[in-house]
Amino acid sequence: QAVKAGDKKKETTGADIRKTGQPDYKLLIDTAALAGTIMLENGAEIYRVEETINYILKTSGLKTSEAFVVSTGIMISLDDPSIDALTVIRRVNKGATNLNVIAQVNDISRKFYMRIISLEEAFSQLKHLKKSQYPWWLKDICTVFVVAFFAGMYGGDFKDMAATAIVGIFLAAWLHIGKKIALINDLVASIVISVIAFVMVHVGIGSHIDRIIIGSIMVLVPGAAITNAIRDTLHGDYASGNANILQAFTEAAMIALGVYVGLLLL
């Protein structure tokens with residue numbers, strides 16, 4: 001009788017969840033998967049992605065909700081005696097690090113968890129998330145100024161800073177053109193940097209080719225990726241941490257190889 005009463009209580013709980021306006025479980029798990037995918041694509045740490053997914057899944061009130069995230073994919077499961085188990089698997093391809101997008105997803109998930117917005121609103125906001133916080137031309141201007149001041153920070157004079165700013169213009173243009181070729185993008189970008197830097201020094205606009213190149217490649221260095229990889233490792237996500245560290249150092253190797261090839265050609 002106690003077992004029957006317990007089963008009846010579980011069944012009642014599942015029914016009460018639906019009657020009290022709890023969201024559709026299929027939409028809930030899709031929303032959690034979408035939030036996790038967006039965060040992972042934009043460079044969030046593994047533990048942060050899992051935490052966000054789990055907060056969304058907790059609103060189901062079901063007995064079991066699990067999220068397993070690695071650097072290239074997401075697996076989510078919902079299960080309870082009152083429903084058929086639901087499982088979602090998403091393959092994720094990483095893009096550039098975008099902390100603004102991560103912050104937006106976190107904000108949406110918190111509002112949903114606190115019942116400030118409904119599940120449908122949360123899903124809609126995630127689908128129509130504003131990916132770019134600033135216009136492309138402002139980013140390009142910032143790239144030019146950043147590389148110029150990096151050259152000065154590493155000991156370059158005003159001539160080197162001016163030459164690095166010109167290199168930055170070509171670099172910004174290439175980053176628009178080659179954004180879809182992933183790892184080779186860093187290799188070609190480094191070749192462009194070293195070739196233009198050599199030309200700047202050769203025509204007398206710049207003084208020190210090494211400082212021009214160092215200042216220019218700083219915007220390509222995967223610093224955020226290395227930091228996230230270390231944080232994932234410290235949180236016990238060793239597989240993802242090692243994978244991200246390998247990816248970051250591969251990108252760094254491509255940058256170094258591109259600079260060498262560019263100088264070798266000239």
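Q: Which helix gives the largest share of the lining of the largest pocket?
A: Happy to start there, with the reminder that this is a predicted model. The largest pocket has a volume of about 2,200 Å³, and α4, α6, α7, α8, α10 and α11 each supply at least two residues of its lining. The largest share, 7 residues, comes from α6.

Q: Which residues lie nearest the centre of the largest pocket?
A: The lining of this pocket has 50 residues. By class, they are 21 nonpolar, 19 polar and 10 charged. Nearest the centre lie G95, A96, T97, N98 and V219.

Q: Why is α6 described as oblique to α9?
A: Two packed helices are described by the angle between their axes and the distance between the axes. For α6 (residues 136-153) and α9 (residues 209-217), the axes are 7 Å apart and the angle is about 135 degrees. Angles from 65 to 115 degrees count as roughly perpendicular and those over 145 as roughly antiparallel. An angle of about 135 degrees therefore makes α6, relative to α9, oblique.

Q: Which residues of α9 are met by α6, and how do the residues of this contact divide by class?
A: The crossing of the two helices, α6 and α9, is right-handed. On the α6 side the contact has V147, F150 and A151, and these meet R211, G215 and S216 in α9. By class, the residues of the contact divide into 3 nonpolar, 2 polar and 1 charged.

Q: Which element gives the most to the lining of the largest cavity?
A: The count of cavities of 30 Å³ or more comes to 1, and about 30 Å³ of space lies in the largest cavity. Its lining is made up of T31, I56, V105, I108, S109, F112, A122 and L126. The elements giving two or more residues to that lining are α4 (99-113) and α5 (119-127). With 4 residues, the most comes from α4.

Q: How many charged residues are in the lining of the largest cavity?
A: Let's go through the lining of the largest cavity class by class. It has 6 nonpolar and 2 polar residues. The count of charged residues there is none.

Q: Which helices each supply at least two residues of the lining of the second largest pocket?
A: This pocket has a volume of about 170 Å³. It is lined by R48, E51, T52, Y55, N106, S109, R110, Y113 and M114, which by class are 3 nonpolar, 3 polar and 3 charged. The helices that each supply at least two of the lining residues are α3 (46-58) and α4.

Terms used
Residues are numbered from 1 along each chain as its sequence is written. This is a predicted model: local features need pLDDT of at least 70, side-chain atom pairs count only at pLDDT 80 or more; totals for chains, interfaces and linings use all residues. Side-chain values use heavy atoms; hydrogens and water are left out. Axes are lines fitted to C-alpha atoms, for helices over the stretch in contact, and angles run from 0 to 180 degrees between N-to-C directions. Angles under 35 degrees count as roughly parallel, over 145 as roughly antiparallel, 65 to 115 as roughly perpendicular and the rest as oblique. A crossing is left-handed if the near helix is turned anticlockwise from the far one by less than a right angle, and right-handed if clockwise. Contact means heavy atoms within 4.5 Å. Ala, Val, Leu, Ile, Met, Phe, Trp, Tyr, Cys and Pro count as nonpolar, Asp, Glu, Lys and Arg as charged, and the others, Gly among them, as polar. On a 1 Å grid over the protein atoms alone, a cavity is a set of points where a 1.4 Å probe fits but cannot get out, and a pocket is an open set with protein on both sides within 12 Å along at least five of seven lines; lining residues have an atom within 4 Å of a point. Grid points are joined across faces, edges and corners, and a volume is the space filled by probe spheres set on the points.
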